[in-house]
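Student: Before we discuss particular residues, could you show me the model, and then let me ask how each label is justified?

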Amino acid sequence: MNPTRRTGLLLTGALVLAALTGCGSGSPAGHTSRDAIKPARPAAPQRQAVYGLPGMPPVLDTEDVYAADRPGRLSPVVKDFPSRVYVPNTESDTVTVIDPKTFRVTETIKVGRQPQHVVPSWDLKTLWVNNDKGNTLTPIDPRTGRAGAPVDVHDPYNLYFTPDGKHAVVMASLDRELVFRDPHTMRIQHTEPVSCYGVNHADFSLDGRYFIVSCEFSGELLKVDTARMKVVAHQKLPFDGAMPQDVKISPDGKRFYIADMMANGMWVLDGDAFTTPELLPTGKGTHGLYVSRDSREMYISNRGEGTVSVFDFPQHRLTKKWRLPQGGSPDMGGVSADGNTLWLSGRYDSEVYAIDTRTGVQVARVPVGDGPHGLAVYPQPGRYSLGHTGIFR
């Protein structure tokens, strides 16, 4: 191109640009042209879509797996159920039923041998009592409180449900198996042998595509592919004599927390990578993990010292420790529908503790049967249950 012509074109372009700029800002001082160019608003941050396990309800909030568990947000399925606390007494072979408003026992239900946990079904309609040594599950209708005919299930130490509602997963601790069953009839669909000892607790990933299982008696963790119903990874915890217990996922789905009663703390695990976890000390005999209704805190029962540690998710640290005034053995439990009360069984003291989550003050101690274990507070907010004493999404 001729240099002279090129210079002319550049000058012409500059003049046009200046003219356009003048049209946008050439109104008199103190006035704004209706055609003035306004700065664009910054685009709202886009949260990454979650491609969940096929068939599972959609993830409500990618930053909070517990978004459906807000205070009083009861499913239409359970909104008319009476509020009760169901306590399985492993040495009495009974379930004690408590009215949480009066702290009084309303009923004692005879069940099978050595009931370990009371587990809400995926569809929220049934409570299943895990009669471990009796090799049965006792169904309880939470609307009426009546127990139904027991269902034969071998070695049902604990019970979970896949996020799509297609399978119940029996933690057959002594059989060393994960047994996938029909969630209604409990007929066997698939049996997955495990190499570890004492499978007992679990929780599912944000997308529901895998779950992490603790093995109490061999100090190991398993990673299980939900759709394939197959163990895809396992690891030994880096602590001699480790005894992992309860498992919970963080609200943002990035970490799993595993209580360890011998390591006296909880392991912090990257579930996706399944790398070696780090130990966060919490207290002697760390056992149960329960998330607050605002998803900001987690209550950690320390069975060996009669305390509850409070973990702050955003700060990723312990912020408080509550002590039961007369000591005790706080074990498994759950949070009330309004989020104001933490209920825990006293495993070795034949009692149940009610703790105010706003103050940490014990508000009641209720005598129950011998060896109270995995109590369920019911109903609780949530669209569906993943099992145990109440893991809701």
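Tutor: Let us begin with T307, which lies in strand 23 (residues 307-312), a strand being a DSSP run of E with at least two residues, numbered from the N terminus. This is a predicted model, in which local features need pLDDT of at least 70, side-chain atom pairs count only at pLDDT 80 or more, and totals for chains, interfaces and linings use all residues. Residues are numbered from 1 along each chain as its sequence is written, and side-chain values use heavy atoms, with hydrogens and water left out.

Student: Why is T307 called buried?

Tutor: Buried means under 20% relative accessible area, exposed means over 50%, and partly exposed lies in between (1.4 Å probe, protein chains only); T307 has a relative accessible area of 0%, and is therefore buried.

Student: What makes the pair of T307 and E305 side chains a polar contact?

Tutor: The term requires a pair of N or O atoms within 3.5 Å, where, within protein, one must be able to donate a hydrogen and the other to accept it, and residues adjacent in sequence count only if both atoms are side-chain atoms. The contact between the side chains of T307 and E305 is at 2.7 Å, so the distance satisfies that limit.

Student: Why is V363 called partly exposed?

Tutor: V363, placed in strand 28 (residues 362-367), has a relative accessible area of 42%, so the value falls between the two limits.

Student: How do you know that strand 21 is largely enclosed?

Tutor: In strand 21 (residues 286-291), 6 of the 6 residues are buried, so the rest of the structure largely encloses this strand.

Note on methods: Helix = DSSP H or I, 4+ residues; strand = E, 2+ residues; numbered from the N terminus.
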